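Good morning, colleagues. Please look at the sequence and the structure on the screen, and I shall take you through some of its features.

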Amino acid sequence: MTLDDKFNSISTRIITSFQGKISHGTGFFFQETQDRDPNVKEGQWSQIRNLWLITNKHVLLSRDNEGDYQVPDSFTFHYRKINGSAIEWFPVTLNKDEIKKRAKIHINKTVDIAAIEILDLQTEVIKKHQIVKNSVITEENLPGKNKIDIEVSNETIILGYPKGFYDQLNLFPIVKSGIIASRWGAHFNGHPYFLIDAKLFPGSSGSLVISRPINQVLYQGKILTSQEKLFVFLGVYSGEPFRQSQPIDFDDMTIIRKEGFNLGIVWYSYLVVEIIKEGKNVGE
């Protein structure tokens, strides 16, 4: 599978409905596999334990009039389906009971990530429909699993479906770039996330964030080469909350304009694994 194919099939468009209000977001596929035998170097098969759709908690859950999180009336994600010579969305919709049964969040309430169990759903869809095969992120893509070093100022890639703007013919996501804008590995303001310098748009929440794919690294003074470009799964994009107010004075009035710093929050990728292994169901 080429890098184009991976990027174009790893993310999905998300739509939620709560009390008649429709919201849009992005998610991506994370495959949980059996641990490899460290004594076997090559030729191992990895058993698939589960498949998860990863997104933001605020994309999965909805806010009521008091600002509290509530399970939405419906949650829809999409596969790309072949229909003759065309590609179209194939929606998979979960009702409130299904969401409560399948979705997990972090025990730390501030973490804005959710994971939805979908392996059985995908297996059923593939049996009945001509679905374009999706690619996945695995624990092998986590930091430290390959020889790619990550540090502040490294380039990042963000894959998502901004609301109302993406390739609506081929249904491909938009790929944008940025840089790591805060110390890598540190908890910014005490929270398990880092910042990226990137200007994104509504609907990008829940996007996959990775390092720029490369096939050469400098490791212990030696240049190492890979046949395919490799990347690190950095985290999950969660929006751009940092804004400042700027007064604009006119002859008889002052208007306050809010401007962003073009800095976005990315929750660290290890939180996804923690949610899958130790998280709690949203129905609890």
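Let us begin with Thr225. Is Thr225 buried or exposed? In this predicted model, Thr225 has a relative accessible area of 58%. The cut-off for an exposed residue is over 50%, and Thr225 is therefore exposed. Thr225 belongs to strand S15, which runs through residues 222-230. Leaving aside residues up to four places away in sequence, Thr225 touches Asn215 and Gln216. As for Ile214, 11 residues from Thr225 along the chain, the C-alpha atoms of the two are separated by 9.1 Å.

I turn now to the protein as a whole. The protein contains 20 strands and 5 helices. Of its 284 residues, 45% are buried. The accessible surface amounts to about 15600 Å², and carbon and sulfur atoms account for 48% of that surface. Consider next the contacts between residues at least 6 apart in sequence: 66% of these join residues at least 24 apart.

Next, the interior. The largest nonpolar core has 27 residues, and those touching the most other members are Phe30, Ile54, Ile113, Ile137, Leu208, Phe233 and Val272. Several elements give two or more residues to this core, among them strand S2 (21-33), strand S10 (155-160), strand S16 (233-237) and helix H5 (270-278). Which element provides the largest share of this core? That element is H5, with 5 residues.

Leu208 merits a closer look. Residues up to four places away in sequence are again not counted, and Leu208 touches Ile10, Phe28, Ile137, Ile157, Ile158, Leu159, Phe233 and Gly235. Another core, of 24 residues, lies apart from the largest one, and its members include Ile14, Leu53, Leu61 and Ala114.

Finally, I should like to discuss helix H4, residues 119-128. Which residues of H4 are buried? They are Leu121, Gln122 and Val125. These three lie on the same side of H4, because they cover an arc of only 95 degrees around the axis. As a general point, an α-helix has 3.6 residues a turn, so residues three or four places apart point the same way. What do the buried residues of H4 pack against? Their partners are strand S3 (48-55), strand S6 (74-83), strand S7 (86-95), helix H3 (96-102) and strand S9 (114-117).

To close, I return to two points. Thr225 in this model is exposed, whereas Leu121, Gln122 and Val125 of H4 are buried. Thank you for your attention.

How values were computed. Residues numbered from 1 in each chain as written. Predicted model: local features only at pLDDT ≥ 70, side-chain atom pairs only at ≥ 80, totals over all residues. Heavy atoms only, no water. Buried < 20%, exposed > 50% of the residue type's maximum accessible area, 1.4 Å probe, protein only. Helix = DSSP H or I, 4+ residues; strand = E, 2+ residues; numbered from the N terminus. Arc of directions from axis to C-beta. Contact = heavy atoms within 4.5 Å. Areas by Shrake-Rupley, 256 points an atom, 1.4 Å probe, with all protein chains shown as cover. Core = buried A, V, L, I, M, F, W, Y, C linked by side-chain atoms within 4.5 Å.
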